Structures are given as C-alpha cells and as structure tokens.
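Colleague: I'm new to this one, could you put it up and take me through it?

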Amino acid sequence: MEKNTEILNIEGQFSGEGKKFAIVVSRFNEVLCERLLKGAVQGFLRHQVLPENLTIIRCPGAFELPLAAKKAAETKRFDAVVCLGAVVRGDTPHFDFVAGECASGIRQVALETGLPVIFGVLTTNTEEQAWQRAGVGGGNKGYDAALTAIEMANLIQKIGS
Ligand code: INI
C-alpha cells in the first residue's frame, strides 16, 4: 500500500542498537533448542545488539518458559524477552497441554508486563519438521524470534513516546 504522508505510520525498525534482550531457552529437546539459541544470538548480533546486552536464561521445559520469562520481564532490565523451546507431538495428549499452556502463558506475560515476549517455540507433529525449522542456513525460528523481538522493542518504544 502506498504511504500517505498525512497518515501517521508507526513501525518498529530492525536495529537493536543500545537495546537489551533476554533469551529464555528450554532444555527439553536440548539439541534442537541449542540450534534455536544459536539462531537467535546470530539474529541479535547481526542487527547491532552487543553481546554484553544479551542474557541467556535456561529452564527445564517449554511449560516453564512463561514463568521464567515473567521473572526476566519484571526485572525491567530488558527491552524484550525471547522464549525458545521445542514441543514435538507424541502419542499422548501431553503435547497439547505443554504447547497450549506455553503459548497462552507467553501471551499472558506479554500482556501483563507490557513487554514484548516473543513466542519462538516450535510446535511440530514430527522431529523432522522441528529440524527443518531449526536450520543452520535458512529457516531458523530462533533467528526469526530475535528479529521479532527487535522490531517489537522498537515499536513499543515508538508507540509510547
Ligand atoms: N517440554 C518441552 O519443551 N517439549 C516437549 O516436547 C515436552 N514433552 O513432549 O513432554 C516437554 N515436556 C516437559 C514440560 O515442558 C515440563 O518441563 C514438565 O512437564 C515439568 O513441568
């Protein structure tokens, strides 16, 4: 759509200069999650975030991500929090509880704290699908989550001022 100069357009930019981020990553499906973490760190570093402005917090599983993210958000030390995890469907309904609670918990933390809390959690039917989304070259959900965090941190700042 063409931009009308009389309409105020507010958008977040993709530079993380001067901003601080927490990455909360679950240890369940650890190898996958470490790939997501690598992608996220790469995403931040490639967009002007300094290593000293990144904090990595580890928790047991995706179910625990919302509480760890909430504690991180409440410190007010971060401009956004990224949550990383991998929930792969098994033979029982466990997947639905873990994935569902994780997603709604993360949404709740964002709304309660007013801070961008990003859902970088894989929820897939198979491990193969998860690997496709935790790639080293293209397609890394952790990398995407970092960019979303940067955009949202800038957007929230702009809306607020
Ligand atoms: N946690 C995950 O992060 N991914 C999963 O696929 C998973 N499955 O399949 O069970 C999982 N379970 C653990 C859960 O997140 C909690 O750590 C556990 O239930 C203790 O609260």
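Colleague: How many salt bridges does the count come to?

Modeller: This is a predicted model, and in it the count comes to four salt bridges. In one of them Arg-58 pairs with Glu-34, and the closest N and O atoms are 3.1 Å apart.

Colleague: Which parts does that pair tie together?

Modeller: Arg-58 belongs to strand β2 (residues 54-59) whereas Glu-34 belongs to helix α1 (residues 30-45), so the salt bridge ties together parts that lie 24 residues apart in sequence.

Colleague: Okay, switching to the ligand: where does it sit?

Modeller: The ligand sits in the largest pocket, and the residues around the ligand include Ser-26, Phe-28, Asn-29, Glu-64 and His-94. By class, the shell around the ligand is made up of seven nonpolar, four polar and one charged residues.

Colleague: And which element gives the largest share of that shell?

Modeller: That is β3, with three residues; both β3 (80-88) and α3 (94-113) supply at least two residues of the shell.

Colleague: Which backbone atoms are close to the ligand's oxygen and nitrogen atoms, and at what distances?

Modeller: A polar backbone atom of Ala-62 is 2.8 Å from an oxygen atom of the ligand, and a polar backbone atom of Ala-86 is 2.8 Å from a nitrogen atom of the ligand. For Val-88, a polar backbone atom lies 3.3 Å from an oxygen atom of the ligand.

Colleague: How much of the ligand's accessible area does the protein cover?

Modeller: On its own the ligand has 460 Å² of accessible area, and the protein covers 74% of that.

Definitions and conventions:
Residues are numbered from 1 along each chain as its sequence is written. This is a predicted model: local features need pLDDT of at least 70, side-chain atom pairs count only at pLDDT 80 or more; totals for chains, interfaces and linings use all residues. Side-chain values use heavy atoms; hydrogens and water are left out. A residue is near a molecule or strand if one of its heavy atoms lies within 4 Å of it. A polar contact is a pair of N or O atoms within 3.5 Å; within protein, one must be able to donate a hydrogen and the other to accept it, and residues adjacent in sequence count only if both atoms are side-chain atoms. Accessible areas come from the Shrake-Rupley method with a 1.4 Å probe; for residues, only the protein chains shown count as cover. On a 1 Å grid over the protein atoms alone, a cavity is a set of points where a 1.4 Å probe fits but cannot get out, and a pocket is an open set with protein on both sides within 12 Å along at least five of seven lines; lining residues have an atom within 4 Å of a point. A molecule sits in a cavity or pocket if more than half of its atoms lie within 2 Å of its grid points. Helices (H or I, at least four residues) and strands (E, at least two) are DSSP runs, numbered from the N terminus. Ala, Val, Leu, Ile, Met, Phe, Trp, Tyr, Cys and Pro count as nonpolar, Asp, Glu, Lys and Arg as charged, and the others, Gly among them, as polar. A salt bridge is a side-chain nitrogen of Lys or Arg within 4 Å of a carboxyl oxygen of Asp or Glu.
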